Amino acid sequence: MAGSKITREDALAFHMEPTPGKFEVGATVPMATQHDLSLAYSPGVAIPCEEIAASPGTAYDYTNKGNLVAVISNGTAVLGLGNLGALASKPVMEGKAVLFKRFADVNSIDIELDTEDPEAFIDAVRIMGPTFGGINLEDIKAPDCFIIEDRLKEVMDIPVFHDDQHGTAVICAAGLINALHISGKRLEDVRIVLNGAGAAGIACIELLKSMGARHDHCIVCDTKGVIYQGRTEGMNQWKSAHAIATELRTLEEAMRGADVFIGVSVKGAVTPAMVESMADNPVIFAMANPDPEITPEEARAIRSDAIVATGRSDYPNQVNNVLGFPYLFRGALDIHARAINDPMKIACAEALAALAREDVPDEVAIAYNRKLTFGREYILPTPFDPRLIHRVPPAVARAGMDTGAARRPIVDMDAYEVALKARMDPTANILQGINARARKAQAQVIFAEGDDPRVLKAAVQYQRSGFGKALVVGREQDVREKLAAEGLPEAWTELEIINAANTSHLDEYKAFLYRRLQRKGFDAQDVHRLAARDRHVFAALMLAHGHGDALVTGATRKSAHVLELINHVFDASAEDGAVGITALIRGGRIILLGDTLVNEWPDEHDLADIAESGAAVARALGLEPRVAFVSFSTFGYPVSERAHKMHLAPKVLDQRGAEFEYEGEMTVDVALNARAAAHYPFSRLTGPANVLVVPARHSASISVKLMQEMAGATVIGPILTGVGKPIQLCSAVSTATDILTMALLAACNVGDA
């Protein structure tokens, strides 16, 4: 999947808004009453303190130690930027922390140590040991990183893992397992050339040797050439361990007849002639970043039988550390491991390799906009494969238990895998799916409110991210000035700016609109004012005539007013089957609520329509719909005329033969809480509802606003359905990110999927 075009302004805004940084800390226990405070702190906290003092292992039971990893750096080797110092490394460490959470539900905090003295660094980390369940070292220059990791492993009783070394090694090993599988070769037989004897390179070759690669078949090179026995220039103890008896002296010589090349060096280190000299079915892992030692195009132009991997996302076979470190730590933490040892790393690599050989779920293929089948261009799983969380950690945990690294072995591995599946935040995959489908659609999205800076920023991001083309309704000078004020002075040149004055279709639009409104009290002058002066109507007319694929609007006016204007152009009323479904995202759950936009006081037939629309949106988002008709009564009690229609609506769906789960009427807690639902074993819902149908639009609006303001829920929508064209409405409080999300929903046509 090609990467988005990232500008300096985009990156700085992302890290500054809505609040500086990339994560915050939240309480997991109630802190509302004096009793809560007494339990959380004094005097109640004394009791677990005494328990831990008597039995240190109980710290994993009474504190967050068992799911807390520190990401620690001194900033001496930040990405490819060099020694930027501790403070400048903080954005990277924060990023690593959120990756832990996103991919494996591991809580993580970044720590930047302002020292280049390895002894001071070691001592600082060592004395923080009681706080954490694991230590992830990051962006530390060689050879200090070797010294620091080795010493910390000796003095600490929790996993210490330098991801720049071992993360790269694990993913490289996983890819090589499959590359050799395809080429019909065995690891113990192949000749391997490694170029780049730094932290990652040394870790790669050491792990491959522990997996069976022969020492005398592995040639390690650095900037001085081959590391051979007797060489003295530029050597250290870590390089010396991999010196072999050989007459070879240059990388070019070493590459002749080699089966495998592993590069963690610099752009251009490998020439076409070197590739040509390799053995049949050569494996080339050119992992230098940002530019590989040789590009896949260059390598395959010389050797069509080559299997090529890089560190980049815009080529197949990306060697991406995010495939490894979250799941290694997840498995290690869950067995309260003392260390992450080689068997655990190998188990991780083998699990990744095995997963890549299996059929790929459709949602993963959609995300990457191509068919993914095990072969020369797919030897590693993709980072967004949802199976990673429940396939890799169990393999790591088993290896840890088999090798004595576990303090607390897992007894029921089947239950463990189920628990791992539950850890994944479904909203992340849903939003990723929306992004992927929008990218595949490449829609021309009309942004109706080009006079609003939020809308303009969303339009710029839509186009820069490669989703498609942004069509902005507005005046060019106004757009230029507003973008300049937002720090995007040149961005207007990337957009297509359209208005009534510069389109050749205005007469066509007015004729169409007059035909629709002439018997509804509108004369020709009224129609002219609407078509030429109202941006919402103008944008809707563009969409109706195929001069754009989708429309996003509503950020500057109330939704009801915007819908009324759109209804001049489209049949978007309740009588026409239009429905508004709002998505609420909170705490890893997503709930769809309807109708939040169109139907003021629906009867049982309208409610059934809303349920069907909600179920369709759920499926479009990748959810299996479970619909609950909610009220203040549950299955007939208390009796109320206002709840009666909620009781009748499921019967309407019965008559229609609806093919999704639905039940009602019921209170919200019965719909969403499994324990409350257990009191009603006859319920047809097999789990908590994810689509709620409420009695009236006012109750829907109250529910959404209450969840947004009091619970901090993320609100997406209302998602307009049943109009026949992809139109999405934002709210007046939408951020640029919210508007972009609605544009993506419109682009992939979720509302009318």
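Start by selecting Phe447 and Val552: in this predicted model, Phe447 stands opposite Val552 in strand E14. Now widen the selection to the two strands around them. Strand E11 covers residues 444-447 and strand E14 covers residues 550-553, and the two pair in the parallel sense over 3 bridges.

Next, bring in their neighbours. E11 and E14 belong to an open sheet of 5 strands, and reading across you will meet E13, E12, E11, E14 and E21 in that order, with parallel pairing. Color residues 496-498 and 727-729 to mark the edges: these are strands E13 and E21, each of which pairs on one side only. As you look from one strand to the next, the twist averages 25°.

Keep the sheet on screen and add residues 736-747. This is helix H31, which packs on the sheet and touches E11, E14 and E21. The direction of H31 makes about 155° with that of E14.

**On to another sheet**

Select Val193 and Ile219 next. Val193 stands opposite Ile219 in strand E6. The strands here are E5 (residues 192-195) and E6 (residues 218-222), paired in the parallel sense over 4 bridges. They are part of an open sheet of 6 strands in the order E7-E6-E5-E8-E9-E10, where the pairing is mixed. At its edges you will find E7 (225-226) and E10 (307-310), each pairing on one side only.

Two helices are worth adding here. Show residues 199-210 for helix H9, which lies across E5, E6 and E8 and runs at about 160° to E5. Then show residues 163-183 for helix H8: this one lies across E8 (260-263), E9 (283-286) and E10, at about 160° to E9.

**A stop at the salt bridges**

The structure holds 46 salt bridges, and a few make good stops. While E6 is still in view, pick Lys239 and Asp222. Their side chains meet in a salt bridge, at 2.9 Å from N to O. Lys239 sits in helix H10 (residues 237-240) and Asp222 in strand E6, so this pair links distant parts of the chain, 17 residues apart. Are the two residues buried or exposed? Both Lys239 and Asp222 are buried.

For another pair, select Arg186 and Glu188, whose side chains meet in a salt bridge at 3.2 Å, N to O. Arg186 is partly exposed, with a relative accessible area of 48%, and Glu188 is also partly exposed, at 31% relative accessibility.

Now jump to Arg300 and Glu377, which form a salt bridge at 4.0 Å, N to O. Arg300 lies in helix H13 (residues 296-302) and Glu377 in the loop between helix H16 (362-368) and helix H17 (388-402), so the pair ties together parts that are 77 residues apart in sequence. Finish this stop with Lys90, Glu94, Asp110 and Glu112, which are joined into one network by salt bridges that share partners.

**Surface and cover**

Switch on the surface and select Phe23, Val25 and Ile109. Together they make a nonpolar surface patch of about 270 Å². Phe23 lies in the loop between helix H1 (8-16) and helix H2 (34-40), and counts as partly exposed because its relative accessibility is 33%.

For a last view, select residues 714-721. This is strand E20, which is mostly covered: 7 of its 8 residues are buried. Add strand E15 (residues 579-586), which runs antiparallel to E20 and is joined to E20 by 6 bridges. Within this pair, look for Ala583, which stands opposite Ile716 in E20.

Methods. Residues numbered from 1 in each chain as written. Predicted model: local features only at pLDDT ≥ 70, side-chain atom pairs only at ≥ 80, totals over all residues. Heavy atoms only, no water. Pairing = 2+ DSSP bridges. Contact = heavy atoms within 4.5 Å. Axes fitted to C-alpha atoms, helices over the stretch in contact; angles between N-to-C directions. Patch = residues over 30% accessible without salt bridge, like charges linked within 9 Å, V, L, I, M, F, W, Y side chains within 5 Å. Areas by Shrake-Rupley, 256 points an atom, 1.4 Å probe, with all protein chains shown as cover. Buried < 20%, exposed > 50% of the residue type's maximum accessible area, 1.4 Å probe, protein only.
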